[in-house]
Amino acid sequence: MVLKIFFPQCCNRAESGLLVGRWISGHDSAVVLAVIHYPFIPAQVKQYIQQMQAQSRVDLTVLGSWSLPKDGQEGMESFLRDLSTIFPQERWLQIRRQFGKTGFSCEVLSRDQICGKNPGEKAEKKKKKSEEDGGDAEREDEEKVIFVHYEQRKVMLSQLHPVEAQESGNGSEPNSELRQVFGTVARSQPLFVLDRYDDGPLRSTHWQSEGREASIVVELLKRASVPLGLLLGRMLSVWTWICSARILSVFPLRFLFSKLSTCVQLSYRTERLQTLGAPQAAPQAAAHMDFMRKANVLVSVLLDVSLGVLLMSWLYRDQNIAMLASNMVPAADRVAQKLEELLQWLMGAPAGLKMNRALDQVLGRFFLYHIHLWISYIHLMAPFIQGILWYGGLSACLGLTFALSLLSDMVALFTFHIYCFYVYGARLYCLKIYGLSSLWRLFRGKKWNVLRQRVDSCSYDLDQLFIGTLLFTILLFLLPTTALYYLVFTLLRLVVVLFQGVLHLSVDFINSFPLFAMALRICRPYRLAEGVKFRVLCEEPGTALHLLMEINPLKCSSVVQTYRTPTYSCYPRDSWVALVKKLFIGELIYPWRHKTTKSD
């Protein structure tokens with residue numbers, strides 16, 4: 001079997017020393033994490049590895065030796081070979097970089113060779129034999145070793161997807177070689193703290209060997225975020241206590257808060273902010289998803305508040321609120337005027353249709369009376385509209401989603417008369433449709449069995465058939481007039497619902513879009529990895545095969561699907577076929593509902 005050695009690119013020019021890493025269980029491969037430079041004391045190396053094992057919970061060990069020939073170090077290679085007896089392993093790797101070559105040569109010593117009386121002599125004989133055979137034996141041994149070079153920092157910060165597959169029993173390949181490599185590098189962060197410029201007893205080479213300026217900045221940011229987190233936690237606890245007051249659970253208030261989009265958005269924002277103070281999950285995969293969820297929530301809230309502040313700066317500048325308030329009443333008057341003209345047209349001969357004169361006049365005057373009531377209400381509220389807009393605009397400081405939710409509630413309030421017209425027309429039309437269907441079953445000698453929920457045969461007498469025929473004729477001839485009013489007001493209602501649906505979808509998009517994850521995908525695509533790809537890095541005679549492992553970033557669609565924040569998400573209740581069926585039979589439809597709302 002081919003031995004694969006995952007070697008960090010930062011260690012290609014490291015000084016001679018010991019290779020620290022881990023053997024991948026279940027696979028014939030090893031991961032090199034760092035190179036401890038000479039001089040060192042073996043007892044200190046063992047103690048250091050034990051400390052790193054306790055901190056990282058990774059089965060670290062000394063894999064072998066690394067030799068980079070330099071002037072004055074002619075006996076270094078034999079010295080490093082002798083260390084295999086001090087650090088006993090099943091296999092000991094002797095990796096050497098030769099002069100004038102990019103590739104490495106690797107010699108794998110087994111336990112028998114390590115425990116032999118004179119391993120140096122055996123190695124010298126093997127070397128002479130390879131020279132006599134023209135290097136065939138050496139090439140035969142080196143063909144069994146493949147070096148896979150990887151960028152240690154990118155692999156440490158990357159997260160393979162799907163994330164659930166990293167936990168045992170949750171994924172299809174929990175023990176795959178690639179996932180163990182990524183997990184080993186990610187959990188070995190304590191090993192990368194040791195810097196070669198420190199005054200400690202050991203010097204090592206890894207991705208952070210050139211300094212820790214970035215780590216210092218990150219640590220300072222973490223410490224600065226602690227007071228802010230405590231303040232946010234206090235504010236959330238106070239707000240949660242207010243929301244849990246008993247007075248808010250009274251039926252009228254509870255029903256009102258469940259119907260207002262602003263209150264629903266406020267409860268959702270409170271729930272999302274509470275997740276920021278939740279304790280971090282313990283497993284690695286769960287911790288990653290928890291961190292991404294919190295980061296997405298925090299970034300979306302900051303973006304939402306920023307957009308809300310921009311909206312406030314526009315509203316409270318150049319008397320824009322006064323302009324909106326002054327234009328709102330004339331706009332309501334124009335809408336009412338158009339509705340009156342529409343009703344007058346329906347009360348005549350719309351599109352040349354001959355309607356039932358009596359029913360047409362009754363319905364038209366009924367709806368005209370409601371329009372006059374609504375206009376009177378608007379003019380009564382006109383002096384308070386500017387104040388309502390001024391105080392309502394302050395909700396934008398909580399975010400653009402609150403302003404959009406408040407706008408949706410205001411649209412629902414100012415178009416309440418259109419909703420009433422739709423309900424009246426739909427109920428009247430639905431009553432006639434169900435009456436006609438019942439009377440049609442009467443003509444065929446059928447009836448609806450309520451208990452068995454099916455149509456059964458039934459015998460009717462002459463009086464029942466006469467009354468049924470009379471009612472069927474009346475309802476049939478009155479149906480076109482009712483259907484016309486129902487059609488017109490349903491179209492008006494759908495226009496309002498479409499506008500509210502756009503507002504709700506905008507709020508849902510801002511709340512659920514994983515902005516932080518998408519920014520990582522664009523700026524640092526290696527952070528979210530879908531897999532890896534390999535390309536030949538070096539293939540020189542006399543050296544092992546060298547491959548370069550590159551990270552394939554996760555697709556943008558997969559990023560949105562994986563890290564999308566769940567929301568209350570307004571969505572159509574039924575399919576389009578069911579929706580058209582409800583429109584045809586006159587049932588009330590609420591295409592934009594909350595998931596927590598029960599069906600009628």
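Is K154 buried, exposed or partly exposed? At 30% relative accessibility, K154 counts as partly exposed, because the class of partly exposed residues runs between 20% and 50%. Its salt-bridge partner is E151, and the closest N and O atoms of that pair are 3.6 Å apart. E151 is partly exposed as well, at 37% relative accessibility. Elsewhere, D290, R293 and K294 are joined into one network by salt bridges that share partners.

A word on what we are looking at. This is a predicted model. The chain has 600 residues, and 42% of them count as buried. I count 19 helices and 13 strands in the chain. The chain exposes about 33800 Å², and carbon and sulfur atoms supply 62% of that. Among contacts with a separation of 6 or more, 71% are between residues 24 or more positions apart.

Back to salt bridges. The structure holds 12 of them. One joins R203 to E15, with the closest N and O atoms 3.6 Å apart. That pair links distant parts of the chain: R203 is in the loop between α7 and β9, E15 is in the loop between β1 and β2, and they are 188 residues apart. R203 is partly exposed, with a relative accessible area of 27%, and E15 is partly exposed too, with 30%.

Another salt bridge is formed by D28 and R91, where the closest N and O atoms are 2.7 Å apart. This pair also links distant parts of the chain, with D28 in the loop between β2 and β3, R91 in strand β5, and 63 residues from one to the other. D28 counts as buried, at 13% relative accessibility, because the cut-off for buried is under 20%. R91, at 25%, counts as partly exposed.

Next, the cysteines. How many disulfides are there? The count comes to zero. Two cysteines to look at are C397, partly exposed at 39% relative accessibility, and C458, partly exposed at 25%.

Now two helices. In α10, which covers residues 261–276, the 16 residues should span 22 Å at 1.5 Å a residue; the end C-alpha atoms are 23 Å apart, which agrees. The buried residues in α10 include S261, V264, Q265, Y268, R269 and R272. It helps to recall that an α-helix has 3.6 residues a turn, so residues three or four places apart point the same way.

Helix α16 covers residues 462–512, and I474 is found in it. I474 counts as partly exposed, at 43% relative accessibility. Together with F466, I467, L470 and L471, I474 forms a nonpolar patch on the surface, with about 480 Å² of accessible area. Q500 is also found in α16, but Q500 is buried, with a relative accessible area of 11%. Leaving out residues up to four places away in sequence, Q500 touches S408, V411, A412 and R493.

Last, some backbone details. Which peptide bond is cis, with omega near 10°? That is the bond from Y38 to P39, and P39 lies in the loop between β3 and α1. A cis peptide bond also joins H161 and P162, with omega about 0°; P162 is in the loop between β8 and α7. R57 has a positive phi, near 60°, although R57 is a residue other than glycine. R57 is found in the loop between α1 and β4, and at 76% relative accessibility R57 counts as exposed.

Conventions: Residues are numbered from 1 along each chain as its sequence is written. This is a predicted model: local features need pLDDT of at least 70, side-chain atom pairs count only at pLDDT 80 or more; totals for chains, interfaces and linings use all residues. Side-chain values use heavy atoms; hydrogens and water are left out. A disulfide is a pair of cysteine sulfur atoms within 2.5 Å. Buried means under 20% relative accessible area, exposed over 50%, partly exposed in between (1.4 Å probe, protein chains only). Patches are made of residues with over 30% relative accessible area and no salt bridge: like charges are joined within 9 Å, nonpolar side chains (Val, Leu, Ile, Met, Phe, Trp, Tyr) within 5 Å. Accessible areas come from the Shrake-Rupley method with a 1.4 Å probe; for residues, only the protein chains shown count as cover. A salt bridge is a side-chain nitrogen of Lys or Arg within 4 Å of a carboxyl oxygen of Asp or Glu. Helices (H or I, at least four residues) and strands (E, at least two) are DSSP runs, numbered from the N terminus. Contact means heavy atoms within 4.5 Å. The expected span of a helix is 1.5 Å times one less than its number of residues.
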